[in-house]
Amino acid sequence: MIRRALATAFLALALPAAAQVVPATNYTDLWYNPSESGWGMAVTQHGAPSHQMVAMWYTYDPREQDPSSPGNYKPLWVIMSGGTWTTPTSITGPVYVLNGVPFFQPGSDRQQTEIGSFTINFTDASHATFTYRIAPPSGLAANDPGFGLPTLSGTKQMERIQF
C-alpha cells in the first residue's frame, strides 16, 4: 500500500516535467525578413528547465506619425514574455504593449496591456514563420498603451540576421 502511494506520488510529480515540450534548439537572436524593411524581432530564450522565451517585435506604430519626419511613424514594440512551447519548433503566447517613463527619469509609471498573441513556427535553426494577431480590448482609457491600436493580423517569414 505504501509503495503504491509513493509510486503514485512520484508519477504525479514526474508527469508535468515529462509533459513539457523541449525546444529543438536555442533560437536566441535577431530575426527579420531581408526583403521587408521596417520590422524585425529580438528573441531571447532561456535554457533548462524553463525554456521560456521573450520575443520583442519592433515595427512602426500606425497610430503615431513622427512630427520630425513627415510620412514616417514612431516605433512600436510588442512583447511576448513567456509563451508555451506546443512542439519543439513552435511557441505561442499572449503579447503586450507597454508605456512608462524613460530610464533616465526617476519614478515608475509603467502600464501594460494584453493586445493579442504571437505564434512562431521555426522551420529550422535559421528560418521561421511569425503569425500575429493584434486585437486590443475595447473600452481602453485614452492613456492606455493599447488605446487606438488597430486590429492587425498576418503571417510573416523571417530569418536570423547573419553577422
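This is a dialogue in which a colleague asks a modeller how to read the features of one predicted model.

Colleague: Where should I begin, and what does the secondary structure of the chain come to?

Modeller: Begin with the elements and their order, keeping in mind that this is a predicted model. The chain holds one helix and nine strands, and, when it is read along the sequence, the pattern is α-β-β-β-β-β-β-β-β-β.

Colleague: How many bridges join strand S2 to its partners, and in which direction do the strands run?

Modeller: When reading paired strands, look at the number of bridges, the direction, and then at individual partners. Strand S1, residues 29-32, is joined to S2 by three bridges, and these two strands run antiparallel. S2 is also joined to S3, here by six bridges, and that pair runs antiparallel as well. You can follow one residue through both pairings, since Ala42 in S2 is the bridge partner of Leu30, while Ala42 also stands opposite Met56 in S3.

Colleague: Is S2 mostly covered or mostly open?

Modeller: S2 is mostly covered, with five of its six residues buried. For the chain as a whole, 29% of the 163 residues count as buried.

Colleague: Which residues have the most contacts inside the largest nonpolar core?

Modeller: For a core, one asks how many residues belong to it, which of them have the most contacts, and which elements supply them. The largest nonpolar core here has 25 residues, and Met41, Phe118 and Ile120 are those with the most contacts inside it. At least two residues of this core come from each of the strands S2 (40-45), S3 (53-65), S4 (73-82), S6 (90-99), S7 (111-124) and S8 (127-134).

Colleague: What does Met41 touch, if residues up to four places away in sequence are not counted?

Modeller: With those sequence neighbours set aside, the residues that Met41 touches include Leu30, Trp31, Ala55, Trp57, Phe118, Ile120, Phe130 and Met158. For the whole chain, among contacts with a separation of 6 or more, 45% are between residues 24 or more positions apart.

Colleague: How many aromatic pairs does the structure hold, and what should I look at in one of them?

Modeller: The structure holds ten aromatic pairs, and in each you can look at the distance between ring centres and the angle between the planes. One of them is formed by Tyr27 and Phe122, which are stacked, at 3.6 Å centre to centre and with 10 degrees between the planes. Tyr27 lies in the loop between helix H1 (2-19) and S1, whereas Phe122 lies in strand S7, so the pair ties together parts that are 95 residues apart in sequence. Both Tyr27 and Phe122 are buried. Elsewhere, Trp39, Trp57, Phe118, Phe130 and Tyr132 form one aromatic cluster.

Colleague: How many salt bridges does the structure hold, and where do their partners lie?

Modeller: There are three salt bridges, and for each it helps to give the distance, the places of the partners and how exposed they are. Asp29 forms one with Arg160, and their closest N and O atoms are 3.1 Å apart. This pair links distant parts of the chain, as Asp29 is in strand S1 and Arg160 in strand S9 (residues 152-160), 131 residues apart. Asp29 is partly exposed, with a relative accessible area of 24%, whereas Arg160 is buried, with 12%.

Modeller: In another, the side chains of Glu36 and Lys156 meet at 3.0 Å, N to O. Because Glu36 lies in the loop between S1 and S2 and Lys156 in strand S9, the pair ties together parts that are 120 residues apart in sequence. Glu36, at 26% relative accessibility, counts as partly exposed, and Lys156 is partly exposed with 23%.

Colleague: What of Asp61 and Arg63?

Modeller: Their side chains meet in a salt bridge at 2.7 Å, N to O. Asp61 is buried, with a relative accessible area of 2%, while Arg63 counts as partly exposed at 27%.

Colleague: Which peptide bond is cis, and where does it lie?

Modeller: The peptide bond from Ala48 to Pro49 is cis, with omega near 5 degrees, and Pro49 has its place in the loop between S2 and S3. His51 lies in the loop between S2 and S3, and its phi is near 55 degrees, a positive value in a residue other than glycine. Since buried means under 20% relative accessible area, His51, at 14%, counts as buried.

Definitions and conventions. Residues are numbered from 1 along each chain as its sequence is written. This is a predicted model: local features need pLDDT of at least 70, side-chain atom pairs count only at pLDDT 80 or more; totals for chains, interfaces and linings use all residues. Side-chain values use heavy atoms; hydrogens and water are left out. A nonpolar core is a set of buried Ala, Val, Leu, Ile, Met, Phe, Trp, Tyr and Cys residues joined through side-chain atoms within 4.5 Å. Buried means under 20% relative accessible area, exposed over 50%, partly exposed in between (1.4 Å probe, protein chains only). Helices (H or I, at least four residues) and strands (E, at least two) are DSSP runs, numbered from the N terminus. Contact means heavy atoms within 4.5 Å. Two strands pair if DSSP finds at least two bridges between them. Rings of Phe, Tyr and Trp (its six-membered ring) pair if their centres lie within 6.5 Å; planes under 30 degrees apart count as stacked, over 60 as edge-to-face and the rest as tilted. A salt bridge is a side-chain nitrogen of Lys or Arg within 4 Å of a carboxyl oxygen of Asp or Glu.
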